[in-house]
Amino acid sequence: MLDHLTTTNDREIFFKVFDQNVIGKCTACDAENYKMLTRGDGVIGPDVCLSIVKSNYRIVENEEVLMPLQEQMINYFDPSVLENVQIKDHISKNGAVCHAEYIFPSIKKSVETDVGHKTDMILRFILKNTFNGSSSVVFYGGLIDTFCTNGMIVGNYDVTKRKHTKNFTIDGFISAFQDCMVNYKNVVKMHQQWADTRIGPLHNVRLLFSELTKNQNLQRKNTLADRLYAQYADEVYNRGNNVFAVTSAMTHYASHNDNRFPLRSNADNDSLFKRQETVRKWFKSKVFEEFLEAA
């Protein structure tokens, strides 16, 4: 897998993006303040439009960000770590939305609960880039729970964003990578604290899920809150009745397209990543903070 970090030959995500003038079909007038972005890599022709954006929109190609990040990985990690790295590219909307995911199975720390359940937390990075104006370039640091492959992005410090403007640079992402390596141990420590915190009488898990999902009508059935609570019950069976089981129910929702949490028929690769962003917001919410503080 080390070759994938040093070459660009065999990854679809390194396609080129071109801009063209936007011209009226009937009037032939040039829309001076806008341009059309097209993907021209031989798979989808340059006549296929990715989006219409303002003329000052800065095209940030995936390769422009990913290659310097990969150089940082090569310089930071031992070659034995890089040999096992898993790279997963996700391309949606014909290339208008892209995610590059790097998973490091060799970088892991264990979280154990008082019922003897033990799982490894593996380091993961995600780079999101778009070519339709829907998002900044975003770098995420996170974890994978190896017991159930739950992916999680935790906390503000694990997210770095830069807009598509003329002042765009990759410097912030390089710093973010370095910061994530420092924060990784602290994030795992936080998960261990969750595992050590048993659910007490004042921890109302059902109400927590209702408030996080903004389900005001507690009489409704089979809501997202109900399904999260059912997942929590399953997590308790394996992990014990602790806060880690609560958070695992949420990260399961963020990472799985299954019978309990199915995606819509028109969903794409971006949908699960949007769920992970939603769950990240839940983790940093006042509602969740108050839940953690409950005696």
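Here is a walk through this structure, from a sheet to a core to a helix. Keep in mind that you're looking at a predicted model.

Let's start with the sheet. Three strands make it up, lined up in the order 1-2-3, and the sheet is open, with antiparallel pairing. Strand 1 and strand 3 sit at the edges, each pairing on one side only. On average, neighbouring strands here are turned by 35° against each other, if you ignore direction. What holds strands together in general? Strands of a sheet pair through backbone hydrogen bonds, in either a parallel or an antiparallel way.

Now zoom in on the pairs. Strand 1 (residues 17-23) is joined to strand 2 (residues 30-39) by six bridges. You can find Asn21 opposite Lys35 of strand 2, and Ile23 has Asp30 as its bridge partner in strand 2. On to the next pair: strand 2 and strand 3 (residues 49-54) are antiparallel and share five bridges. Here, look for Leu37, which stands opposite Ser51 in strand 3.

Next, head for the nonpolar cores. The largest one has 70 residues, and Phe77, Phe104, Phe125 and Phe209 have the most contacts inside it. Helix 4 (residues 171-196) supplies the largest share of this core, with eleven residues. Pick out Phe125 and see what surrounds it. Leaving aside neighbours within four places in sequence, Phe125 is in contact with several residues, including Met73, Ala100, Phe104, Phe139, Phe177 and Met181. Apart from this core there's another one, of five residues, and among them are Ile126, Tyr140, Val159 and Phe273.

That last residue, Phe273, takes us to helix 8, where Phe273 is one of the buried residues. Others buried in helix 8 include Asp270, Arg275, Glu277, Val279 and Trp282. As a reminder, an α-helix has 3.6 residues a turn, so residues three or four places apart point the same way.

How far apart should the ends of helix 8 be? Helix 8 covers residues 269-283, which is 15 residues, and at 1.5 Å a residue the expected span is 21 Å. The C-alpha atoms at its ends are 23 Å apart, so the model agrees with that expectation. Finally, check where helix 8 starts: a side-chain oxygen of Asp268 comes to within 2.9 Å of the backbone nitrogen of Asp270.

Terms used:
Residues are numbered from 1 along each chain as its sequence is written. This is a predicted model: local features need pLDDT of at least 70, side-chain atom pairs count only at pLDDT 80 or more; totals for chains, interfaces and linings use all residues. Side-chain values use heavy atoms; hydrogens and water are left out. Helices (H or I, at least four residues) and strands (E, at least two) are DSSP runs, numbered from the N terminus. The expected span of a helix is 1.5 Å times one less than its number of residues. Buried means under 20% relative accessible area, exposed over 50%, partly exposed in between (1.4 Å probe, protein chains only). A polar contact is a pair of N or O atoms within 3.5 Å; within protein, one must be able to donate a hydrogen and the other to accept it, and residues adjacent in sequence count only if both atoms are side-chain atoms. A nonpolar core is a set of buried Ala, Val, Leu, Ile, Met, Phe, Trp, Tyr and Cys residues joined through side-chain atoms within 4.5 Å. Contact means heavy atoms within 4.5 Å. Two strands pair if DSSP finds at least two bridges between them. Axes are lines fitted to C-alpha atoms, for helices over the stretch in contact, and angles run from 0 to 180 degrees between N-to-C directions.
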